[in-house]
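Dear colleague,

I am passing on the structure we spoke about, with notes on what was found in it. Please read them with the coordinates open beside you.

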Amino acid sequence: MAVSFNTTLRNNRADQITSFAGASAQIKIYTSGGATLLATLTCASALAPAASSGTLTFNAITAGTAVATGTAATASIYKSDGTTLVMSGLTVGTSATNIVLSSVAITSGDSVSITAATITEGNA
C-alpha cells in the first residue's frame with residue numbers, strides 16, 4: 001500500500017520550503033546532471049505564497065543573464081547567499097516541469113526568464 005498524506009500536511013511540508021529559502025532565494029539552472037551552471041535568477045522576497053493542494057506556485061522571479069551556453073535540464077534553489085542549498089533536482093523544460101522556460105536552449109549572454117515555477121508535494 002502506498003503512503004499518502006493529508007492535504008494540510010502536504011501544504012505544511014511545501015510551505016517549509018518557502019520558509020527555509022528565506023528572502024530573495026536564488027534559482028540556479030544547469031545542464032543535465034548539474035554539469036554546467038547556465039544562469040542564476042533571483043526570486044521575490046518570498047519564494048511563494050502559502051501552498052494550496054500541496055503545491056507551491058512561485059512568486060515573481062527576476063530574469064537573469066546566462067553565463068554559459070547549453071540545454072537547461074535541471075535546477076536548484078539556494079538561499080540568497082547563493083551557497084546554502086534548499087532543494088535540488090527540479091525539472092526544467094518548456095511545459096509540465098517544475099521550472100518552465102520559453103526555451104531550454106540557452107546561449108551565454110542571453111536573458112533567461114522563468115515563465116512558471118511550481119513544486120508539488122507527492123503522496124496525495
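The notes below take the helix, the sheet, the core and a few loop residues in turn.

This is a predicted model, in which local features need pLDDT of at least 70 and side-chain atom pairs count only at pLDDT 80 or more, while totals for chains, interfaces and linings use all residues. Residues are numbered from 1 along each chain as its sequence is written, and side-chain values use heavy atoms, with hydrogens and water left out.

Helices and strands are DSSP runs numbered from the N terminus (H or I over at least four residues for a helix, E over at least two for a strand). Helix α1 takes in the 15 residues 7–21, which at 1.5 Å a residue should span 21 Å, and the 22 Å between its end C-alpha atoms agrees with this; the expected span is 1.5 Å times one less than the number of residues. At the N-terminal end of α1, asparagine 6 acts as a cap, a side-chain oxygen lying 2.6 Å from the backbone nitrogen of threonine 8. After α1 comes glycine 22, with a positive phi near 70°.

Burial is judged by relative accessible area (buried under 20%, exposed over 50%, partly exposed in between, with a 1.4 Å probe and protein chains only). By that criterion Arg10, Asn11, Ala14, Ile17, Thr18 and Ala21 are the buried residues of α1. They cover an arc of only 105° around the axis, which puts them on the same side of α1; the arc is that of the directions from the helix axis to the C-beta atoms. Gln16 and Ser19, on the other side of α1, are exposed. The cover over the buried residues includes β3 (55–57), β8 (85–93) and β12 (114–120), where contact means heavy atoms within 4.5 Å.

The strands form an open sheet of 8 with mixed pairing, in the order β3-β12-β9-β8-β7-β1-β2-β4. β3 and β4 (61–62) stand at the edges with a single partner strand each, so one side of each has no neighbour in the sheet. Two strands pair if DSSP finds at least two bridges between them, and β7 and β8 pair in the antiparallel sense over 4 bridges.

Threonine 74 lies in β7 (residues 74–78) and stands opposite threonine 91 in β8. At 16% relative accessibility, threonine 74 counts as buried, and a polar atom of its side chain lies 3.3 Å from the backbone oxygen of leucine 90.

The largest nonpolar core (buried Ala, Val, Leu, Ile, Met, Phe, Trp, Tyr and Cys residues joined through side-chain atoms within 4.5 Å) has 31 residues, and those with the most contacts inside it are Ile27, Ile29, Ile77, Ile99, Leu101 and Ile114. Two or more residues each come from α1, β1 (26–30), β2 (37–43), β7, β8, β9 (99–101) and β12, the largest share, 4 residues, being that of β2. Leaving aside neighbours within four places in sequence, isoleucine 99 is in contact with residues including Ile27, Leu90, Val92 and Ile114.

Two residues have a positive phi of about 55° although neither is a glycine: serine 53 and alanine 96. Serine 53 is found in the loop between β2 and β3 and, at 49% relative accessibility, counts as partly exposed. Alanine 96 lies in the loop between β8 and β9 and counts as exposed at 85%.

With best wishes

Notes. A polar contact is a pair of N or O atoms within 3.5 Å; within protein, one must be able to donate a hydrogen and the other to accept it, and residues adjacent in sequence count only if both atoms are side-chain atoms.
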